[in-house]
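Let's take a walk through this protein together. Have the sequence and the 3D view open, and follow along as we go.

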Amino acid sequence: MRVMVFFDLPVLTDKNRRDYYNFRKYLLKSGFLMMQESVYCKLAQNSTVAESIVESLKKNKPDEGLVQVLRITEKQYAKMECIVGQNNSCVLDTDERLTII
C-alpha cells in the first residue's frame, strides 16, 4: 500500500516559508520520497500502518495551506503512467527491499 501526500502551502511570509520547510523536512525524515514538487509518497505494509502514517501527518501539518492524502494499493500504484518526461530511476517504486519485522 502507498500513502501519497499532495500539498499546496503559502510562502508569502517568513512564518509560511518556515512552515513549508519544516513540513517538507518532516516528510523526508518520515521516509517519504519526493515524486514531484509538493507530491510525496511512502510505502506502508498494510492499512493499519497507513492509518498511523495519516494520523502522524495530521499531527505535523502546517497551520495554513492545503494538505491532501491518498491511500492506494500497490496494484493501483503500478498502473501509474508517465505521460510527459522521464521516470526517475533513482526513486524506489517497488517493495522488493521491504523488510517486515
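What follows starts with the overall layout and then moves through a helix, some charged pairs, some rings and the far end of the fold.

First, keep in mind that this is a predicted model. The protein chain has 3 helices and 4 strands. Read from the N terminus, the order of the elements is β-α-β-β-α-β-α. Of the 101 residues in the protein chain, 24% are buried. If you look at contacts with a separation of 6 or more, 71% of them involve residues 24 or more positions apart. Keep that last number in mind, as a few such long-range pairs turn up below.

Helix 1 is a good place to begin. It covers residues 14–29, and at 1.5 Å a residue its 16 residues should span 22 Å; the C-alpha atoms at its ends are indeed 22 Å apart, so expectation and model agree. Which residues of helix 1 are buried? They are Asn 16, Asp 19, Phe 23, Tyr 26 and Leu 27. If you sight down the axis of helix 1, these buried residues fall within an arc of 100 degrees, so they line one face of the helix. The general helix geometry helps here: an α-helix has 3.6 residues a turn, so residues three or four places apart point the same way.

What sits over that buried side? The cover for the buried residues of helix 1 includes strand 1 (2–8), strand 3 (39–43), helix 2 (47–59) and strand 4 (66–72). Now turn the helix around: the face pointing away from the buried side carries the exposed residues Asp 14, Tyr 21 and Lys 29. Just after helix 1 you meet Gly 31, which takes a positive phi of about 95 degrees.

Now for the charged side chains. The structure holds 6 salt bridges, and a few of them are worth a stop. Back at the start of our helix, Arg 17 and Asp 14 join their side chains in a salt bridge, with N to O at 2.6 Å. These two are 3 residues apart in helix 1, which puts about one helical turn between them. Arg 17 is partly exposed, at 38% relative accessible area, while Asp 14 reaches 53%; that is over the 50% cut-off, so Asp 14 counts as exposed.

Helix 2 has a pair with a similar story. Lys 58 and Glu 55 form a salt bridge at 3.6 Å, N to O. Both lie in helix 2, 3 residues apart, or about one turn of the helix. Glu 55 is partly exposed, with a relative accessibility of 33%.

Another salt bridge reaches across the sequence. Lys 15 pairs with Asp 63, and their closest N and O atoms are 3.1 Å apart. This pair links distant parts of the chain, with Lys 15 in helix 1 and Asp 63 in the loop between helix 2 and strand 4, 48 residues apart. Lys 15 is partly exposed at 37%, and Asp 63 is exposed at 62%. Remember Asp 19 from the buried face of helix 1? Together with Lys 15 and Asp 63, Asp 19 belongs to a network of salt bridges.

On to the aromatic rings. There are 4 aromatic pairs in the model. In one of them, Phe 7 and Tyr 40 have ring centres 5.7 Å apart and planes at 25 degrees, so the pair is stacked. Since Phe 7 is in strand 1 and Tyr 40 in strand 3, this pair ties together parts that lie 33 residues apart in sequence. Are these two buried or exposed? Phe 7 is buried at 6% relative accessibility, and Tyr 40 is buried at 1%. Ring pairs also link Phe 7, Tyr 20, Phe 23, Tyr 26 and Tyr 40 into a cluster, and among these Phe 23 and Tyr 26 are buried residues of helix 1.

Finally, go to Arg 2 in strand 1. Arg 2 has a relative accessible area of 3%, under the 20% limit, so this residue is buried. The side chain of Arg 2 makes a polar contact of 2.7 Å with the side chain of Glu 74. Helix 3 (residues 74–78) also contains Lys 75, which is exposed at 63%. Lys 75 and Arg 2 are 73 residues apart in sequence, yet their C-alpha atoms are 9.9 Å apart in space.

Key:
Residues numbered from 1 in each chain as written. Predicted model: local features only at pLDDT ≥ 70, side-chain atom pairs only at ≥ 80, totals over all residues. Heavy atoms only, no water. Expected span 1.5 Å × (residues − 1). Buried < 20%, exposed > 50% of the residue type's maximum accessible area, 1.4 Å probe, protein only. Arc of directions from axis to C-beta. Contact = heavy atoms within 4.5 Å. Polar contact = N/O pair within 3.5 Å; in protein donor to acceptor, adjacent residues only side chain to side chain. Salt bridge = Lys/Arg side-chain N within 4 Å of Asp/Glu carboxyl O. Phe/Tyr/Trp six-rings, centres within 6.5 Å; stacked < 30°, edge-to-face > 60°.
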